[in-house]
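These are my notebook entries from a session spent reading one structure. I began with the whole chain and then went to single elements and residues.

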Amino acid sequence: MNTETAIEVRGLSKEYAIGSNVSYTLRGAISNAFRWNKKKESFWALDDLTFEIKQGEAVGIIGHNGAGKSTLLKILSRITYPTKGSAILKGRVTSLLEVGTGFHPELTGSENIYLNGSLLGMSKSEIRSKFDEIVEFSGIEKFIYTPVKHYSSGMYVRLAFSVAAYLNTDILLVDEVLAVGDTKFQKKCLGKMDEVAHAGKTVIFVSHKEGAIRNLTSKVILLDCGKIAKIGTPDEVYRLYNETTINPGFKRYSEDSILKSVNVNYSENLNIEVEYKFEKENQMPHLGYVVSNSTGEKLFAGNPSIDGIKLENHYPKEGKVKIIVEQPRLKFGTYNVAIYFGNGLKDFIADENCVSFKVEDVNTNLGFIVPKNKYEFS
């Protein structure tokens, strides 16, 4: 391992069993022993990953849900072990993977600070020298001597991040747990992570927030189905990520679907056209859409009920529905449209990854406003 290398991953793979009930209780084990269906299947959450991260680098890890991001961080944190391959980390490692990681619920916030420092091999005097900074950054001074089992999720993540950022660590691993905190604290955390990286520490940050990854990291690893799809600068990786994950603004469905096609186009208005065909006239119409940004955050939505529009008591047996979102004034970026359509009973479809569209004119799309919706049937 090179002296300048903080993390060296070679042929890293992780296999999980599916189709079987794994239990760690006596009753569960006995129950499973008498099950007729003992067929086991497996899948590779990570498949032959190889990469190096230098000391002092800030690296982002991105990918869709299920791509293997959290599994990779759990292996690097020694929470779980690989099926094959190796991951060598040089120096002290602190991880913040989920709310309350490394905290004992019966201990106070103060006691947990000392506990975490001890687990990192720090002396009591070293921890004491950082104690006031940790507490001040967390902003929960009034509750520092309260058992953490009484903390809210926001208080948990404030203290957990403060401990991870201020204790003497060489490598900091952070998952999307920061999403729990409020916006002001998230910005504060990103600023501290940037400070840690510039101090020569190594930072690995998993996030769905493109802006945070771009601002904090100089290198990005894109995971896809457990494999490395790309390693490069944020611009290089996000260019590939957006190209490979964006559907065109048109989608055609299978013959047996009630939805035949969905067509989306955006100019001044956002127009969503839904073509459908029922076996018989629909007596209980349901229709709705949701628009999300590229990180999965839901921006706005509509359906006749919440828009105060009363439809006829039926749809025609077949036809088209056009949803017109008037002047949403979207910023530059990529947006996903989800469609919910049908009778609310058997003939109903919810397509949450329907189609995507891009907004490229940065001059006229200045911001975001609540849309006005109209619905036209033909």
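The entries below follow the order in which I looked things up.

**Entry 1, the whole chain.** I note at the outset that this is a predicted model, and that I treat every value here as computed from it. The secondary structure, as I read it, comes to eight helices and 18 strands. Of the 378 residues of the protein, 44% count as buried. I then looked up the accessible surface, which comes to about 20,300 Å², and I recorded that 50% of this surface belongs to carbon and sulfur atoms. Turning to contacts with a separation of 6 or more, I found that residues 24 or more positions apart account for 71% of them.

**Entry 2, an open sheet.** I next followed the strand pairing, and found six strands forming an open sheet in the order S5-S6-S7-S3-S8-S9, with mixed pairing. At its edges are strand S5 (93–96) and strand S9 (227–232), each of which pairs on one side only. Neighbouring strands of this sheet are turned against each other by 15° on average, with direction ignored. At the S5 edge I checked the pairing in detail: S5 and strand S6 (residues 171–174) run parallel and are joined by four bridges. As one residue pair from this stretch, I wrote down Thr94, whose bridge partner in S6 is Leu172.

**Entry 3, the nonpolar cores.** How many residues has the largest nonpolar core? I found 43, and those with the most contacts inside it are Ile62, Ile113, Leu159 and Met193. Helix H5 (residues 153–166) supplies the largest share of this core, with nine residues. Apart from it lies another core, of 29 residues, and among these I noted Val264, Val274, Phe300 and Ile349.

**Entry 4, helix H2 and what comes after it.** Six of the eight residues of H2 are buried, so I describe this helix as largely enclosed by the rest of the structure. The buried residues I listed in H2 are Lys69, Thr71, Leu72, Leu73, Ile75 and Leu76, and I note that a lysine and a threonine are included in that list. Just after H2, Arg78 takes a positive phi of about 65°, and this residue lies in the loop between helix H2 (69–76) and strand S4 (84–89). Is Arg78 buried or partly exposed? Its relative accessible area is 40%, so I record Arg78 as partly exposed.

**Entry 5, another positive phi.** Asp48 also drew my attention, since its phi is near 60°, a positive value in a residue other than glycine. Its place is in strand S2 (residues 41–54), rather than in a loop. Asp48 counts as exposed because its relative accessibility is 52%, where the cut-off for exposed is over 50%.

**Entry 6, Asn116.** I closed with a polar residue in helix H3 (residues 109–119), namely Asn116. With a relative accessible area of 15%, Asn116 is buried, as the cut-off is under 20%. Where does the side chain of Asn116 reach? I found that it reaches the backbone oxygen of Asn112, at 2.9 Å. I also looked up a pair that is 47 residues apart along the chain, Asn116 and Val163, and found their C-alpha atoms separated by 7.6 Å.

Notes. Residues are numbered from 1 along each chain as its sequence is written. This is a predicted model: local features need pLDDT of at least 70, side-chain atom pairs count only at pLDDT 80 or more; totals for chains, interfaces and linings use all residues. Side-chain values use heavy atoms; hydrogens and water are left out. Buried means under 20% relative accessible area, exposed over 50%, partly exposed in between (1.4 Å probe, protein chains only). Two strands pair if DSSP finds at least two bridges between them. Axes are lines fitted to C-alpha atoms, for helices over the stretch in contact, and angles run from 0 to 180 degrees between N-to-C directions. A nonpolar core is a set of buried Ala, Val, Leu, Ile, Met, Phe, Trp, Tyr and Cys residues joined through side-chain atoms within 4.5 Å. Contact means heavy atoms within 4.5 Å. Accessible areas come from the Shrake-Rupley method with a 1.4 Å probe; for residues, only the protein chains shown count as cover. A polar contact is a pair of N or O atoms within 3.5 Å; within protein, one must be able to donate a hydrogen and the other to accept it, and residues adjacent in sequence count only if both atoms are side-chain atoms.
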